[in-house]
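The following exercises are to be worked through with the sequence and the coordinates side by side. Each task is followed by a solution that goes step by step.

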Amino acid sequence: MTTLDEFLDFVSRELGLDVTTHDADRHVDELPGWDSMFLLTLVTTLEQQAGRRVLLADALQASTLRDVHKLAVDA
């Protein structure tokens, strides 16, 4: 999962949120159905998928899915 599209497909599949590239730059609070527990779930599943740590403190600073994607691929 290196591209943004792959990441968004992962988010859709793992969290059950219907997100597209148009949603990548929206603030996560603006995403339909998003709640704070989704971030924790996303970080956990990303770590399992990538086999490396994604720091929760960094993820809490991320305001968009594009920001979280960057953390995931740069981790």
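**Exercise 1.** Is glutamate 47 buried, partly exposed or exposed, and what is its relative accessible area?

*Solution.* Before starting, note that this is a predicted model, in which local features need pLDDT of at least 70 and side-chain atom pairs count only at pLDDT 80 or more, while totals for chains, interfaces and linings use all residues. Residues are numbered from 1 along each chain as its sequence is written, and side-chain values use heavy atoms, with hydrogens and water left out.

Begin with the scale: buried means under 20% relative accessible area, exposed means over 50%, and partly exposed lies in between (1.4 Å probe, protein chains only). Glutamate 47 has a relative accessible area of 24%, so the residue is partly exposed. Next, locate the residue: glutamate 47 is found in helix H2, where helices (H or I, at least four residues) are DSSP runs numbered from the N terminus, as are strands (E, at least two). Finally, look for a partner remote in sequence: alanine 72 is 25 residues apart from glutamate 47 along the chain, and their C-alpha atoms are separated by 8.1 Å.

**Exercise 2.** State how confident the predictor is in the chain, and which helices have the lowest and the highest confidence.

*Solution.* The quantity to use is pLDDT, the predictor's confidence in each residue, from 0 to 100. For the protein chain the mean pLDDT is 90, and 97% of its residues reach 70 or more. Within the chain, confidence is lowest in H2, with a mean of 88, and highest in H1, at 93.

**Exercise 3.** Identify the residues at the centre of contacts in the largest nonpolar core, and the helices that contribute to this core.

*Solution.* A nonpolar core is a set of buried Ala, Val, Leu, Ile, Met, Phe, Trp, Tyr and Cys residues joined through side-chain atoms within 4.5 Å. The largest such core has 23 residues, of which Phe7, Trp34, Leu42, Leu46 and Leu65 touch the most other members. Two or more residues are given to this core by each of helix H1 (4-15), helix H2 (36-50) and helix H4 (65-74). H1 supplies the largest share, with six residues. As general background, nonpolar side chains tend to be buried together in soluble globular proteins.

**Exercise 4.** How many salt bridges does a search of the whole structure find? Describe the pairs and the exposure of their residues.

*Solution.* The criterion is a side-chain nitrogen of Lys or Arg within 4 Å of a carboxyl oxygen of Asp or Glu, and the search finds three salt bridges.

1. Arginine 26 pairs with aspartate 23, with the closest N and O atoms 2.9 Å apart. Arginine 26 is partly exposed at 29% relative accessible area, whereas aspartate 23, at 10%, counts as buried.
2. Aspartate 25 pairs with arginine 66, the closest N and O atoms being 2.6 Å apart. This pair links distant parts of the chain, since aspartate 25 is in the loop between H1 and H2 and arginine 66 is in helix H4, 41 residues apart. Aspartate 25, with a relative accessible area of 48%, and arginine 66, with 36%, are each partly exposed.
3. Aspartate 74 pairs with lysine 70, with 2.7 Å between the closest N and O atoms. Both residues lie in helix H4, four residues apart, about one turn of the helix, and lysine 70 is exposed at 52%.

**Exercise 5.** Contrast valine 68 and histidine 22 in place, exposure and C-alpha separation from a chosen partner.

*Solution.* Valine 68 is in helix H4 and counts as buried at 2% relative accessibility. Its C-alpha atom is separated by 8.6 Å from that of aspartate 58, ten residues apart along the chain. Histidine 22 is in the loop between H1 and H2 and counts as exposed at 69%. The C-alpha atoms of histidine 22 and phenylalanine 38 are separated by 19 Å, with the two residues 16 apart along the chain.

**Exercise 6.** Locate glycine 33, classify its exposure and relate it to leucine 17.

*Solution.* Glycine 33 lies in the loop between H1 and H2, and its relative accessibility of 55% places it among exposed residues. Glycine 33 and leucine 17 are 16 residues apart along the chain, and their C-alpha atoms are separated by 7.0 Å.
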